[in-house]
Amino acid sequence: MAALLCRRSLPRTWLCRRAGQGCGRHYRAALCAELKQPLAIEEVARRPVRPHEVRVEVHFCGVNFADILVCRGQYQEKPPLPFTPGMEFSGTVLETGADVSSVKEGDRVIGVSGFNGMAEECIADQKTLWRVPEKVSLQEAAVLPVSYGTAILALEHRAHTQPRETVLVTAAAGATGLAVIDVATNVLQAKVNDAFLHVIQRKSTGKVLLSLK
């Protein structure tokens, strides 16, 4: 699940910034300088983009369980300290390498990175960036790559889910679980066992958030 994090306070789950800033020689980033300790906001020097790379002005950055694990030294990948967490992000293209053809300056994009998304800007390979349709906000788009990527990998590539098959989702309250339901029903034309998920309600208000029949 993800919430909204503004760049001035950088509390819990998102990194948010205003467009048109951070275009100098340095930019601000959330750095993990010591494992199991709070992140520090520091000025980071820009590096040149390689021919296949794209520099993106980050507007939003999703915070995932892997980000928590890597900052505690418990993830399978252990980047050297200091590092910037953040696996998925959305923003606008600032600069492209000489061999980049998939996006151009000014494009609205989402992307995945090793661990460098919690910053005012980041660099990603063009193969890990996708343009965002105008009707989709960058805030909503930022949380799509990891959750929906996981859902597609599980349902299509591993389970080879077929139309009209039934999918059992045992943890459907989080971002990945909800993405699995969406992909299974709306993309793969499968069924979700409504004995386990029929209606999700917000307890405080009783408002129906999702109903599957």
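**Close-up views of a predicted model**

**View 1. Glycine G106 and its contacts.** Leaving aside neighbours within four places in sequence, G106 is in contact with T92 and V93. The model shown here is predicted. G106 is found in the loop between β4 and β5. Along the chain, G106 and T92 are 14 residues apart. In space, their C-alpha atoms are 5.5 Å apart. G106 has a relative accessible area of 47%. That value falls between the 20% limit for buried and the 50% limit for exposed, so G106 is partly exposed.

**View 2. Aspartate D107 in the loop between β4 and β5.** D107 sits in the loop that links β4 (88-96) to β5 (108-112). Is D107 buried or exposed? Its relative accessibility is 10%. Buried means under 20%, so D107 counts as buried. What does D107 touch, apart from residues up to four places away in sequence? The list is G91, T92, V93 and R131. T92 and V93 are also contacts of G106. The side chain of D107 has a polar atom 2.9 Å from the backbone nitrogen of K104.

**View 3. The five-stranded sheet.** Five strands form an open sheet, and their pairing is antiparallel. Their order is β6-β3-β4-β5-β7. Which strands stand at the edges? They are β6 (121-125) and β7 (129-131). Each has a single partner strand, so one side of each is left without a neighbour in the sheet. On average, neighbouring strands are turned by 45 degrees against each other, direction ignored. In general, strands of a sheet pair through backbone hydrogen bonds.

**View 4. Where β5 meets β7.** These two strands pair in the antiparallel sense. How many bridges join β5 and β7? There are three. V109 has its bridge partner in β7, and that partner is R131. R131 is also among the residues that D107 touches.

**View 5. Cysteines without disulfides.** The structure holds zero disulfides. Why is C71 not bonded to C32? C32 holds the closest cysteine sulfur to that of C71, but the two are 4.3 Å apart, too far for a bond. A disulfide needs sulfur atoms within 2.5 Å. C122 is a similar case: its closest cysteine sulfur, in C61, is 7.8 Å away, again too far for a bond. C71 is buried, with a relative accessible area of 13%. C122 is buried too, at 2%.

Technical notes. Residues are numbered from 1 along each chain as its sequence is written. This is a predicted model: local features need pLDDT of at least 70, side-chain atom pairs count only at pLDDT 80 or more; totals for chains, interfaces and linings use all residues. Side-chain values use heavy atoms; hydrogens and water are left out. Helices (H or I, at least four residues) and strands (E, at least two) are DSSP runs, numbered from the N terminus. Buried means under 20% relative accessible area, exposed over 50%, partly exposed in between (1.4 Å probe, protein chains only). A polar contact is a pair of N or O atoms within 3.5 Å; within protein, one must be able to donate a hydrogen and the other to accept it, and residues adjacent in sequence count only if both atoms are side-chain atoms. Contact means heavy atoms within 4.5 Å. Two strands pair if DSSP finds at least two bridges between them. Axes are lines fitted to C-alpha atoms, for helices over the stretch in contact, and angles run from 0 to 180 degrees between N-to-C directions.
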